[in-house]
Amino acid sequence: MTQHDPSTTLSTRPNPGQIPGTTIGPGPGPGPARARPARLRISAPLCLLTFLAVYLLAVCTPFGQRAENALLSGDGANPAWIYDWSGAAYQSSALPPLEHTAMPTLLVGIAVIVAVALVRRRWWQGVAAIGVVIGTIGSKELARLVLPRPDLVDAGVSLTEASFPSGHVAVPAGLVLGATLIASPRLRPYVTTVGVLWLAVTAGAVQATYHHRPSDVLGSTLLACACYALATRFPRTADAPGAARHPRVLSAVALSLAAAGALVAGARDDSVTQSLVFAAAAFLCAGLFWLTTAAASPACRPPAWA
C-alpha cells in the first residue's frame with residue numbers, strides 16, 4: 001500500500017468553491033483583493049507654490065494690500081477677546097508662543113522632541129523632526145528677508161512693516177508637525193489634535209491683536225506643511241498603513257475644537273466682520289495642518305546604507 005505524506009495531501013486538496021487548476025498561495029486573506037483607495041497627497045512643491053501665490057496676491061497687489069489693511073482699522077489690540085492673554089496688556093501673562101514667550105516655547109519644544117526621540121530610540125525620526133522645526137523657522141526668517149512688502153496703496157507707517165510670514169504661528173506649526181514624527185502611531189492623532197487647536201488659537205490671536213494679517217498666518221502654516229511633507233519623503237520613508245490615520249470621530253472633534261478656538265481667539269468687540277475673517281483664516285490654517293498630517297502617514301526609516 002502506498003503511503004501519502006499528510007502535508008502533501010492537504011496542500012493539494014482543493015477547497016470548496018476553488019476553481020480547478022488554481023493554487024492557493026500566501027495572500028492577505030479570504031475574499032477578493034481590494035485595491036486601497038488613493039489618498040490625497042500634500043506635496044512640498046504644492047505648499048510652496050500656494051505660499052508664493054498667497055504672497056503675490058495679498059502682498060504684491062493693491063487689491064490685496066487694501067483688503068488686508070482694512071482689517072487692521074480699529075482700536076488696536078484692546079478690543080480683542082484674548083487681549084488679557086496676549087501679553088500686550090501691562091504685566092499680563094502671554095499664552096505661548098505670543099509676545100516674549102515665542103523663543104522660550106521654541107527652545108522647550110525642541111528639547112522635548114530630542115528627549116522623546118532619545119527615550120524611544122527613534123534616531124532618524126528625531127533628526128527629521130528637528131529638521132521640520134528648523135526648516136520652518138529658517139524658511140520663515142529667509143522669506144521675511146527676501147520677500148519685500150512694497151507700499152502700493154500709500155498706507156500708514158504702521159501698515160508698511162513686512163510681517164509675512166508670521167513667526168508666532170511658525171512656532172506651534174513647526175513644533176507640532178515635528179512632534180508627530182516622533183510620536184508613537186497610537187498617540188500621533190491625539191498629538192495632532194492638540195496641535196491643531198494650539199495653531200488655531202495662535203493664528204486667531206495674532207490677527208485679533210493686530211500683530212499679523214491673514215496672509216501672514218497662512219504663509220507660515222504653508223511653510224511648515226512643506227517642511228513636513230519633505231521630511232516624510234526624504235531621504236527614505238515608507239507609509240505605515242493605518243498607523244497614523246486619524247479616526248473619523250477624532251477628526252470631527254479636532255476640527256470642531258479648532259473652529260471654536262479660532263472663533264474665540266480671533267474675536268473682537270468692535271467688529272463682527274473682522275472677527276469672522278480672522279477666525280476663518282485661523283481655521284483654514286488648522287484645516288490645512290490637519291489635512292497634511294492625515295494625508296501623510298510617516299514611518300521614517302533610516303536610509304538603506306545606515
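The charged end of arginine 268 sits over the ring of tyrosine 210, 4.1 Å from its centre. A charge counts as sitting over a ring if NZ of Lys or CZ of Arg is within 6 Å of the ring centre and within 35 degrees of the ring normal. The model is predicted: local features need pLDDT of at least 70, side-chain atom pairs count only at pLDDT 80 or more, and totals for chains, interfaces and linings use all residues. Residues are numbered from 1 along each chain as its sequence is written, and side-chain values use heavy atoms, with hydrogens and water left out.

Tyrosine 210 also belongs to the largest pocket. It is one of the residues closest to the pocket's centre, along with Glu161, Ser163, His211 and His212, out of 15 lining residues. The pocket holds about 350 Å³ of space. Helix α5 gives the most to its lining, with 3 residues. A pocket is an open set of points on a 1 Å grid over the protein atoms alone, with protein on both sides within 12 Å along at least five of seven lines; a cavity is a set where a 1.4 Å probe fits but cannot get out; lining residues have an atom within 4 Å of a point. Points are joined across faces, edges and corners, and a volume is the space filled by probe spheres set on them. Helices are DSSP runs (H or I, at least four residues), numbered from the N terminus.

Now the closed spaces. There are 2 cavities of 30 Å³ or more. The largest has about 60 Å³ of space. Among its lining residues are Ser86, His168, Thr209 and His211.

Next, the aromatic rings. Rings of Phe, Tyr and Trp (its six-membered ring) pair if their centres lie within 6.5 Å; planes under 30 degrees apart count as stacked, over 60 as edge-to-face and the rest as tilted. The count is 2 aromatic pairs. The rings of tyrosine 55 and phenylalanine 164 have centres 5.5 Å apart and planes at 35°, so this pair is tilted. Tyrosine 55 lies in helix α2 and phenylalanine 164 in the loop between α5 and α6, 109 residues apart. Both are buried (under 20% relative accessible area with a 1.4 Å probe, protein chains only; exposed is over 50%, partly exposed in between). Phe51 joins them in one aromatic cluster.

Finally, helix α9. Its buried residues include Leu250, Ala254, Ala258 and Ala265. The buried residues cover an arc of only 100° around the axis, which puts them on the same side of α9. The arc is that of the directions from the helix axis to the C-beta atoms. The face turned away carries the exposed Arg248 and Val249.

Definitions and conventions
Helix = DSSP H or I, 4+ residues; strand = E, 2+ residues; numbered from the N terminus.
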